[in-house]
Amino acid sequence: MKTLAERVAAFTSSTLYPVVSSEFCSGRSVTEVIAAIADGGAKIVQLREKHRSDADLFALASKVRAITAAHDMLLIIDDRLDIALACGADGVHLGQDDLPVAVARKIAPELLIGSSTHNAAEVIAAQQADTGYLNIGPIYPTQTKSVACGALGVPLFTELKNLVHCPFSVMGGIKARHLPELRALGAEHIAMVTEITTAPDVSAKVRELLKFWQ
């Protein structure tokens with residue numbers, strides 16, 4: 001089991017950040033897609049399941065944990081701190097309506113806690129709460145997650161990035177064609193959903209995307 005320091009170091013050294021939801025796997029199982037992501041060489045993955053029962057989500061998360069552990073990958077569970085702890089995940093990613101970061105930190109001091117942010121106030125608050133990393137997004141229009149603010153766009157992302165003094169990721173409608181621009185703007189941890197999970201060959205897609213960091 002990794003310590004928080006080890007998890008932060010592993011996140012910092014990661015690049016591509018696949019996020020997997022069963023509804024965006026083109027009919028394949030979550031475990032099949034995550035196994036392919038691991039085979040492609042990604043070092044972190046987030047399991048995002050909004051509509052499963054607790055028992056079903058725990059069973060799935062436990063299977064995913066076995067895959068990620070075998071490949072020395074970080075596993076982040078979206079929203080559910082209890083499931084993250086129960087399955088032995090490395091972290092939890094919290095939205096603005098989820099458990100506050102500071103509370104989650106007290107409950108799980110060794111977990112890597114991520115926080116979704118969409119504006120300057122949220123970026124500042126996440127850092128004051130000692131988030132392990134924060135996510136800025138959605139950068140581009142996306143169909144995988146509904147947020148009231150809509151797409152932030154590159155100019156606002158640039159403004160928000162300048163307020164960040166901790167590890168951060170970006171997410172939202174990101175495709176391969178966006179990676180050069182985002183990397184040039186300083187984004188090193190880039191979260192992607194359908195560009196990866198709907199690819200005909202997931203492993204090949206991950207390898208292709210990782211080349212943008214070489």
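Phe11 is buried, with a relative accessible area of 0%, and this residue offers a convenient way into the structure, which is a predicted model. The strands of the model form a closed barrel of eight, running β1-β2-β3-β4-β5-β6-β7-β8 with parallel pairing, and the twist averages 25 degrees from one strand to the next. The points below take up the aromatic rings, the barrel strands, the packing of helix α2 against two other helices, and the surroundings of Ala176 and Leu209.

**Aromatic rings**

- There are four aromatic pairs in the model when ring centres within 6.5 Å are counted as paired.
- In one of these pairs, the rings of Phe11 and Tyr17 have centres 6.2 Å apart and planes at 85 degrees, and because planes over 60 degrees apart count as edge-to-face, this pair is given that description.
- Tyr17, the partner of Phe11 in that pair, is buried as well, with a relative accessible area of 2%.
- A further pair is formed by Phe157 and Phe168, with 6.3 Å from centre to centre and 50 degrees between the planes, and this arrangement is classed as tilted.
- Phe157 belongs to helix α7 (residues 153-161) and Phe168 to strand β7 (residues 168-170), so their pairing ties together parts of the chain that are 11 residues apart in sequence.
- Both members of this tilted pair, Phe157 and Phe168, are buried.
- Phe11 and Tyr17 also belong to a cluster, in which ring pairs link them with Tyr133.

**Strands β4 and β5 in the barrel**

- Strands of a sheet pair through backbone hydrogen bonds, and the pairing may be either parallel or antiparallel.
- Strand β4 (residues 91-94) pairs with strand β5 (residues 112-117) in the parallel sense, and the pairing extends over four bridges.
- Along this pairing, Val92 stands opposite Ile113 in β5, and Leu94 stands opposite Ser115 in β5.
- Strand β5 is mostly covered, since six of its six residues are buried.
- In a regular strand, the side chains alternate between the two faces of the sheet.
- In β5, Leu112, Gly114 and Ser116 point one way, whereas Ile113, Ser115 and Thr117 point the other way, and all of these residues are buried.

**Helix α2 and its two partners**

- Two packed helices are described by the angle between their axes and by the distance between the axes.
- Helix α2 (residues 30-40) packs with helix α10 (residues 202-210) at an angle of about 40 degrees, with the axes 7 Å apart.
- Helices α2 and α10 are therefore oblique to each other, and their crossing is right-handed.
- At this contact, Val33, Ala36, Ile37, Asp39 and Gly40 in α2 meet Val202, Ser203, Val206, Arg207 and Leu210 in α10.
- Helix α2 also packs with helix α3 (residues 54-70), in this case at an angle of about 20 degrees and with the axes 10 Å apart.
- Because angles under 35 degrees count as roughly parallel, α2 and α3 are described in that way, and the crossing of α2 and α3 is right-handed.
- The residues that meet here are Val30, Thr31, Ile34, Ala35 and Ala38 in α2, and Leu60, Lys63, Val64, Ile67 and Thr68 in α3.

**Ala176 and Leu209**

- Ala176 is found in the loop between β7 and α8 (179-184), and this residue is buried, with a relative accessible area of 12%.
- Leaving out residues up to four places away in sequence, Ala176 touches Met192, Glu195, Glu208, Leu209 and Phe212.
- Although Ala176 and Leu209 are 33 residues apart along the chain, their C-alpha atoms are separated by 6.7 Å.
- Leu209 has its place in helix α10, and Leu209 counts as buried, at 0% relative accessibility.
- When neighbours within four places in sequence are set aside, Leu209 is in contact with Leu16, Ala176, Leu179, Met192, Glu195 and Ile196.
- Leu209 and Glu32 are 177 residues apart along the chain, and their C-alpha atoms are separated by 19 Å.

Notes: Residues are numbered from 1 along each chain as its sequence is written. This is a predicted model: local features need pLDDT of at least 70, side-chain atom pairs count only at pLDDT 80 or more; totals for chains, interfaces and linings use all residues. Side-chain values use heavy atoms; hydrogens and water are left out. Rings of Phe, Tyr and Trp (its six-membered ring) pair if their centres lie within 6.5 Å; planes under 30 degrees apart count as stacked, over 60 as edge-to-face and the rest as tilted. Buried means under 20% relative accessible area, exposed over 50%, partly exposed in between (1.4 Å probe, protein chains only). Two strands pair if DSSP finds at least two bridges between them. Axes are lines fitted to C-alpha atoms, for helices over the stretch in contact, and angles run from 0 to 180 degrees between N-to-C directions. Angles under 35 degrees count as roughly parallel, over 145 as roughly antiparallel, 65 to 115 as roughly perpendicular and the rest as oblique. A crossing is left-handed if the near helix is turned anticlockwise from the far one by less than a right angle, and right-handed if clockwise. Contact means heavy atoms within 4.5 Å.
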